[in-house]
Amino acid sequence: MEKMNNAYDLVIIGAGPAGLGASIYASRYKLKHLVIGNEIGGQVVEASEIENWAGEISIPGKTLMDKFHHHARHLGAKVIQADVSGVVKNADGFEISADSGKYSAKSVILALGMKPRKMNVPGEDKFLGKGVSYCATCDAMFFRNKKVAVVGGGDAAATAAIHLTEFAEKVYLLYRDSCDWEPSWGEQLKNNPKIEIIHCSGIAEILGDQKVSGLVYESSDGRHELDAQGVFIEVGTTPAAVIAQNLGVELDAQSYIVVNQAQETNVENVYAAGDATTGSNKFRQIITAVAEGAVAAGSVYRKLKLNR
Amino acid sequence: MSMEFTDQNFDQEVIRSEHPALVDFWAPWCGPCLAMSPIIDELAKDMNGGIKVGKLNVDENPQTAQKYGIMSIPAFKIFKNGQVIREFVGMQSIDALRKEINKII
């Protein structure tokens with residue numbers, strides 16, 4: 001267990017691209033800091049291939065984040081894998097409570113990231129781990145020569161469907177309203193004979209007995225049933241902003257942390273970076289998360305060391 | 001360090017074990033599984049004998065993975081007297097696992 005006398009200039013909560021990006025800059029600014037995250041690498045570790053990170057034509061998400069982690073540690077950062085249960089403001093700054101102990105800091109960067117959104121349809125919870133999955137890279141191989149459905153209309157859904165074709169015999173890709181995956185993914189989807197894209201108006205139910213056997217969707221011409229042994233849910237994410245909310249940090253209507261151009265929140269000495277913020281036009285890319293982390297670390301440096 | 005369970009030793013080390021056993025079903029291509037790996041090692045160190053804590057690579061040990069219907073990883077199952085008495089899917093915090101273990105030992 002860490003002791004309470006662990007006092008830092010900065011504690012960064014979250015160890016994804018924003019948190020590790022902030023750490024790299026914090027190290028170069030010689031800020032005594034600590035990174036705490038429940039998943040080193042964040043959501044990116046689940047991505048099979050990243051094809052839009054400058055300098056890497058195509059790289060598995062886990063490999064890219066291992067490089068980030070290595071880079072941060074190489075510069076001297078301490079990175080702890082633990083759940084943070086809360087952050088409380090006190091006279092000296094902040095007290096951060098985690099599984100691994102309590103820490104105090106003069107400033108905090110919230111790099112909390114996003115958590116998967118659920119569909120909230122019958123069968124979704126019941127069949128979790130029994131055919132329902134939120135991680136295609138983790139679970140694709142359990143569906144060798146089977147039929148699977150992917151639900152979602154964004155890049156995550158598109159890449160999940162493409163990855164699943166390496167194992168499954170048939171991949172249905174169901175989207176509601178509109179699909180907004182990058183056109184280059186759209187091309188790969190269209191050219192893959194195993195993928196069938198279905199435009200629906202909603203998912204009604206996931207079917208099964210002990211495990212998933214199918215899915216019911218609705219479209220303009222009524223209800224339809226699909227035969228599928230796996231259902232991969234990629235319907236987007238929502239900010240993991242509970243810690244921020246409890247600290248009194250302002251959120252927008254969709255629960256994103258409101259930041260200004262310096263990545264400051266409304267609470268003094270609390271900064272935020274990455275996908276969970278209103279920054280970067282909510283573009284939510286690795287490159288924007290890293291950039292926001294860098295800006296946030298720069299802001300901490302200016303405030304703590306230069307007093308401006 | 002945690003133990004390594006395999007198709008070959010599963011019966012001996014888990015099913016017929018005197019102590020309860022926590023099995024972490026994982027694979028090398030699964031990012032969240034790799035992120036859980038040090039947590040499981042730490043848990044094994046913590047538990048100090050009251051329960052066996054180990055990992056089973058589902059890619060190398062397909063029989064056991066199939067027998068227990070693994071379709072999503074990371075998956076964690078606690079065995080006692082040869083039976084699965086608790087199971088969880090997805091990333092877990094060390095505290096959550098510790099609490100579950102303390103309920104049964």
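1. Start with His70(A) in this predicted model. His70(A) sits in helix α2 of chain A, which spans residues 61-74. It counts as exposed, because just 11 C-beta neighbours fall inside 10 Å and the cut-off for exposed is 12 or fewer. Have a look at Leu20(A) while you are there: His70(A) and Leu20(A) are 50 residues apart along the chain, and their C-alpha atoms are separated by 9.6 Å.

2. Next, the nonpolar core. Which residues touch the most other members of the largest one? They are Val11(A), Ala22(A), Ile109(A), Leu110(A), Val150(A), Ala161(A) and Leu164(A), out of 131 residues in that core. Helix α7 of chain A (residues 286-305) provides the largest share, with nine residues. As background, nonpolar side chains tend to be buried together in soluble globular proteins.

3. Ile109(A) is a handy residue to click on in that core. Setting aside neighbours within four places in sequence, Ile109(A) is in contact with Leu10(A), Ile12(A) and Ala22(A), with Tyr271(A), Ala272(A) and Ala273(A), and with Ala296(A) and Val300(A). Ala22(A) is also among the residues that touch the most other core members.

4. Now a helix pair. Helix α4 (residues 155-164) and helix α5 (residues 183-190) of chain A have axes that come within 10 Å and cross at roughly 30°. The crossing of α4(A) past α5(A) is left-handed. On the α4(A) side the meeting residues are Asp155(A), Ala158(A), Thr159(A), Ala161(A) and Ile162(A), and on the α5(A) side they are Trp185(A), Gln188(A) and Leu189(A). By class, this contact has five nonpolar, two polar and one charged residues. Ala161(A) turns up again here, since it is also on the list of residues touching the most other core members.

5. Chain A has an open sheet of five strands, in the order β8-β15-β9-β10-β11, with parallel pairing. Which strands stand at the edges? They are β8 (132-133) and β11 (195-200) of chain A; each has a single partner strand, so one side of each lacks a neighbour in the sheet. Inside the order, β9 (residues 147-151) and β15 (residues 230-233) of chain A run parallel and are joined by four bridges. To find the register, look for Ala149(A), which stands opposite Val231(A) in β15(A). Val150(A), one of the residues touching the most other core members, falls within the 147-151 stretch of β9.

6. For an antiparallel example, go to β13 (residues 212-219) and β14 (residues 222-227) of chain A, which pair over six bridges. These two strands form a hairpin with two residues between them. Leu215(A) has Leu226(A) in β14(A) as its bridge partner.

7. Two backbone oddities in chain A are worth a check. Asn269(A) has a positive phi of about 70° although it is not a glycine, and it is found in the loop between α6 (242-246) and β17 (270-272) of chain A. Asn269(A) counts as partly exposed, with 19 C-beta neighbours inside 10 Å. Arg284(A) is the other case: its phi is near 55°, again positive in a residue other than glycine. Arg284(A) is found in the loop between β17 and α7 of chain A. Is Arg284(A) buried or exposed? It is buried, because 21 other C-beta atoms lie within 10 Å and the cut-off is 20 or more.

8. Over in chain B, the peptide bond from Ile73(B) to Pro74(B) is cis, with omega near 0°. Pro74(B) belongs to the loop between α3 (62-67) and β4 (75-80) of chain B.

9. Strand β3 of chain B (residues 52-57) is mostly covered, with five of its six residues buried. Strand β1 of chain B (residues 3-5) pairs with β3(B) in the parallel sense over three bridges, and Phe5(B) stands opposite Leu56(B). Strand β2 of chain B (residues 21-26) also pairs with β3(B) in the parallel sense, over six bridges. There, Trp26(B) stands opposite Asn57(B).

10. Last, how the chains meet. How many residues does each chain bring to the contact? Chain B brings 20 and chain A brings 22. On chain B, α2 (31-47) and α4 (94-104) each supply at least two residues of the side that touches chain A. The most comes from α2(B), which gives seven residues. By class, that side of chain B has 15 nonpolar, four polar and one charged residues.

How values were computed:
Residues numbered from 1 in each chain as written. Chains lettered and ligands numbered in written order. Predicted model: local features only at pLDDT ≥ 70, side-chain atom pairs only at ≥ 80, totals over all residues. Contact = placed C-beta atoms within 7 Å. Nonpolar A, V, L, I, M, F, W, Y, C, P; charged D, E, K, R; others polar. Core = buried A, V, L, I, M, F, W, Y, C linked by C-beta atoms within 7 Å. Axes fitted to C-alpha atoms, helices over the stretch in contact; angles between N-to-C directions. Left-handed = near helix turned anticlockwise from the far one by under 90°. Pairing = 2+ DSSP bridges.
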